[in-house]
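Reader: I would like to go through this model with you and ask how each label is earned. Shall we take a look?

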Amino acid sequence: RLALGGSLMQWRGDLAKGGNVSLQKGLGDESLLSMRANLNSRGQGQITTRISSNSRMELAFSGIVPLFSLALSRLRNIGSN
């Protein structure tokens, strides 16, 4: 399932525009991948990924990916100093 959205807001004389994208996809019989992204006209946004599962092994594996990504980015920052 894919959903697109947009918004306009005027605040103190400034017009802010925004866009949203949401995606949900089944991964097998017991897992669901949900992704959301938004961006506004000021260049600020957010990306969110969520995996939900009834299988504990799949859920444990999905928690390793963000931790690995964080560790890799920290190692890159240490190496650049």
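Reader: Happy to start with a single side chain. Which residues does Leu27 touch, not counting residues up to four places away in sequence?

Author: Leu27 touches Leu32 and Leu33. Please keep in mind that this is a predicted model.

Reader: What makes these count as contacts?

Author: Contact means heavy atoms within 4.5 Å, and Leu27 meets that cut-off with both Leu32 and Leu33.

Reader: Why is Leu27 called partly exposed?

Author: Its relative accessible area is 38%. Buried means under 20% and exposed means over 50%, so 38% falls in between and Leu27 is partly exposed. This leucine lies in strand β2.

Reader: How far is Leu27 from Ile51, in sequence and in space?

Author: The two are 24 residues apart in sequence, and their C-alpha atoms are 9.1 Å apart.

Reader: And why is Leu23 called partly exposed?

Author: The reasoning runs along similar lines. Leu23, placed in strand β2, has a relative accessible area of 33%; since the limits are 20% and 50%, Leu23 counts as partly exposed.

Reader: What makes Leu23 eligible for a nonpolar patch?

Author: A patch residue needs over 30% relative accessible area, and Leu23 has 33%, so it passes that cut-off. Leu23 forms the patch on the surface with Leu2, Leu4, Val21 and Met35, and together they have about 460 Å² of accessible area.

Reader: Which strands each supply at least two residues of that patch?

Author: Those are β1 and β2, the latter covering residues 14-27.

Reader: What makes β1 and β4 edge strands?

Author: The four strands form an open sheet in the order β1-β2-β3-β4, with antiparallel pairing. Within this sheet, β1 (2-11) and β4 (45-53) each pair on one side only, and that makes them the edges. Neighbouring strands are turned by 10° against each other on average, direction ignored.

Reader: How do you know that β3 and β4 pair?

Author: Pairing takes at least two bridges. Nine bridges join β3 (residues 31-40) to β4, so the requirement is met. Leu32 stands opposite Ser52 in β4.

Reader: What else is in the chain besides the four strands?

Author: There is one helix, and from the N terminus on the elements run β-β-β-β-α.

Reader: What share of the protein chain counts as buried?

Author: Of its 81 residues, 7% do. The chain exposes about 7,200 Å², with carbon and sulfur atoms supplying 57% of that area.

Definitions and conventions
Residues numbered from 1 in each chain as written. Predicted model: local features only at pLDDT ≥ 70, side-chain atom pairs only at ≥ 80, totals over all residues. Heavy atoms only, no water. Axes fitted to C-alpha atoms, helices over the stretch in contact; angles between N-to-C directions. Buried < 20%, exposed > 50% of the residue type's maximum accessible area, 1.4 Å probe, protein only. Areas by Shrake-Rupley, 256 points an atom, 1.4 Å probe, with all protein chains shown as cover. Patch = residues over 30% accessible without salt bridge, like charges linked within 9 Å, V, L, I, M, F, W, Y side chains within 5 Å. Salt bridge = Lys/Arg side-chain N within 4 Å of Asp/Glu carboxyl O.
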